[in-house]
Amino acid sequence: MIKTLHISNYALISGIDIAFAPGFNIITGETGAGKSIMLGALSLLLGERADARVVRDSTRKSVIEAVFDISDADGIEELLAENRLDSQAGECILRREIAPGGRSRAFINDTPVNLTVLREVAVHLVDIHSQHQNLLLASPEYQMAIIDNLAGTKLLLEDYRKAFAAYRVALKQYTDTRELIRRNRDDADFLRFQYEQLDELDLQPGEHEALEQEREQLANVNEIKETLGKAIDPLINDEDNALTLMRQAIDALEELSATIGTATDGTDFHALAERLESARIEVADISDSLADYDMSLGADPERLEEIEERLSRLYSLELKHHTENADGLIEIRDRLAAQLEALDDADNVLATLEIAAKKAKKIAISLAAKISEMRASAAAEFADMLRRTASPLGMDNLRCEISLTRIKLGLDGYDQIQFLFAFNKNQTLMPVGTVASGGEISRLMLAIKAIVAERMHLPSIIFDEVDTGVSGDIATRMAAMMSDIGRSIQVITITHLPGVAAAGSTHFKVYKVDEDDATTTHIRALDEDERAAELALMISGNPTDEAALANARALINKNKK
């Protein structure tokens, strides 16, 4: 249940703190006092979108924080653990902060979370029923959610949705492959022609670049040989070539070594001669390599023509297939080969994929059937419970039927659901949106909430003027129903009816205060006398009217009994 609610710097609210009680809490106040503002702030804790316009003072952030007692909340501890959120001694704290610029942040137990996690946790803690939800009653999605909650299909639905997703993947793979095979068969002759055109070339990796390099060499052989000569001649061909000169220097050093030995300064002419000999050998080796390469070069017009022809074919195919080199053509050739091979085995491939899709569909249908059975059972039980629950609210002639129609497999199975109602004798069963008045829908929603809240064990439920469109004895009965719900869970009701307000065990009043430069919304808990005065105000418009006060006290005492 909600223990405390703090709202600061939000719309007309400068700062309020409310301590809610277990049982049946009532909130009253004049129209425009700010009850809807409080509800809007609370809805932010359920993950609603934030709006920068609600920030009252643009110099600081808005804060909405609620502390929940989760000691009786089913599954909430496990949910917190799944999201790696620490539990706080039987409490859970939800907080939203809205910066003046509109950016909002969400926290659970002081840990930042995204709105998806906030919604997932909040939906287990509180349910807010507003006039908007009255409109939802006609929605097939909302009707399905009610039946699924009562049927307890959550885990089975998770399994089904996984199976349905697997079926969708298998079906797509089958249909895509079938279409590809159809297109390939239509183009089989062309595919084979393309493959054979590439295959007969006997393409080699890196061939394009190697051919261009060889062509460059053959096309410039004379220039290359001339340049080589400039390197070779000084080394070995000229009269005073490097090798000859180096041989003369070595002989001179050996002669010095024989004559002097080692000079007085330590110079070793023999060692120098050996070093120069090593250098001569290296130069000789370089000269031989250059000479061998020069000998290998020769004008070869036939080879050059052959290369030009090969490159021309490569260029043409590369342009045709939008690739840059022979490696790209090899990839295309191999892909075409795979497509042609697949065509040869297409029937077997397609049959295998079809079997897989049928198998996946069978699994999904089997799970959908189990879900449908659970829904059918819950629907029949719900219709009976709804008749019994709504009867005390002046709906003795209510007839209800939950129609389940089988449709194409979808995200929720193969059921299409529709709530059909008749509110008067001999009236044809019709969808709720076409036959119900506003007051009837309000009573229906209260009855539905009473059933769902009891089954789902929600810690708290908030009714925002669920009594709209009703009065008198019916309003009293609705109050009694909300009070009865409040015996097992916390109920917070915003109302304009004194008969409903008198049924609460705790009463809060929302009111506005005009200050010098602003109007602010406040809320406070009422004691017995203040509560009687508030009810008198609701009855007669005068909180001091003796007759209205007597009537108010009588209503309070009656509900206490």
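Which residues line the largest cavity? The views below take up this point and others in a predicted model.

**Figure 1. The largest cavity of the predicted model and its lining.** The lining consists of Leu5, Phe20, Ile27, Lys35, Met38, Leu39, Leu42, Ile462, Ile492 and Ile494. The space enclosed amounts to about 80 Å³, and the count of cavities of 30 Å³ or more comes to one. Two elements, H1 and strand S13 (490-494), each give two or more residues to this lining. H1 gives the most, with four residues. By class, the lining of the largest cavity holds nine nonpolar residues, no polar residues and one charged residue.

**Figure 2. The largest nonpolar core, centred on the view of Val121.** This core has 47 residues, and those with the most contacts inside it are Leu94, Ile108 and Val121. Helix H1 (residues 35-44) is the element that gives the most to this core, with six residues. Apart from this core lies another, of 31 residues, including Leu393, Met481, Ala532 and Leu535. Beyond residues up to four places away in sequence, Val121 touches Ile76, Leu79, Leu80, Cys92, Leu94 and Ile108. Leu94 and Ile108 are thus partners of Val121 as well as residues with the most contacts inside the core. In soluble globular proteins, nonpolar side chains tend to be buried together.

**Figure 3. The second largest pocket and the helices that line it.** The pocket holds about 310 Å³ of space. Its lining has 17 residues, and Ser483, Ala502, Ala503, Asn559 and Lys560 lie nearest the centre of the pocket. Helix H17 (472-485), helix H19 (528-540) and helix H20 (546-560) are the elements that give two or more residues to this lining. The most comes from H20, with five residues. Divided by class, the lining of the second largest pocket has six nonpolar, six polar and five charged residues.

**Figure 4. Asn109 and Asp110 in the loop between S6 and S7.** The loop in view joins strand S6 (104-108) and strand S7 (111-113), and Asn109 is found there. Asp110 lies in this loop too. Asn109 has a positive phi of about 50° although it is not a glycine. For Asp110, also not a glycine, phi is positive at about 70°. Are these two residues buried or exposed? Asn109 is buried, because its relative accessible area is 5%, which falls under the 20% limit. Asp110, by contrast, has a relative accessible area of 49% and is therefore partly exposed, a class that extends from 20% to 50%.

**Figure 5. Glu515 and its contacts in the loop between S14 and S15.** Glu515 is placed in the loop between strand S14 (506-514) and strand S15 (519-525). Its relative accessibility of 41% makes Glu515 partly exposed. Not counting residues up to four places away in sequence, Glu515 touches Thr520 and His522. With Thr520, a polar contact of 3.4 Å joins the two side chains. Glu515 and Ala170 are 345 residues apart in sequence, and their C-alpha atoms are 67 Å apart in space.

**Figure 6. Gly413 in strand S10 and its partners from elsewhere in the sequence.** Gly413 belongs to strand S10 (residues 413-422). Gly413 counts as buried because its relative accessibility is 5%. Leaving aside neighbours within four places in sequence, Gly413 is in contact with Tyr160, Ala368 and Lys408. Of these contacts, Ala368 lies 45 residues from Gly413 along the chain, with 4.9 Å between the C-alpha atoms of the pair.

**Figure 7. Gln194 in helix H7 and its contacts.** Helix H7 (residues 188-199) contains Gln194. Gln194 has a relative accessible area of 11% and is therefore buried. Neighbours within four places in sequence aside, Gln194 is in contact with Lys320, His321 and Leu336.

Conventions:
Residues are numbered from 1 along each chain as its sequence is written. Side-chain values use heavy atoms; hydrogens and water are left out. A nonpolar core is a set of buried Ala, Val, Leu, Ile, Met, Phe, Trp, Tyr and Cys residues joined through side-chain atoms within 4.5 Å. Buried means under 20% relative accessible area, exposed over 50%, partly exposed in between (1.4 Å probe, protein chains only). Contact means heavy atoms within 4.5 Å. A polar contact is a pair of N or O atoms within 3.5 Å; within protein, one must be able to donate a hydrogen and the other to accept it, and residues adjacent in sequence count only if both atoms are side-chain atoms. On a 1 Å grid over the protein atoms alone, a cavity is a set of points where a 1.4 Å probe fits but cannot get out, and a pocket is an open set with protein on both sides within 12 Å along at least five of seven lines; lining residues have an atom within 4 Å of a point. Grid points are joined across faces, edges and corners, and a volume is the space filled by probe spheres set on the points. Ala, Val, Leu, Ile, Met, Phe, Trp, Tyr, Cys and Pro count as nonpolar, Asp, Glu, Lys and Arg as charged, and the others, Gly among them, as polar.
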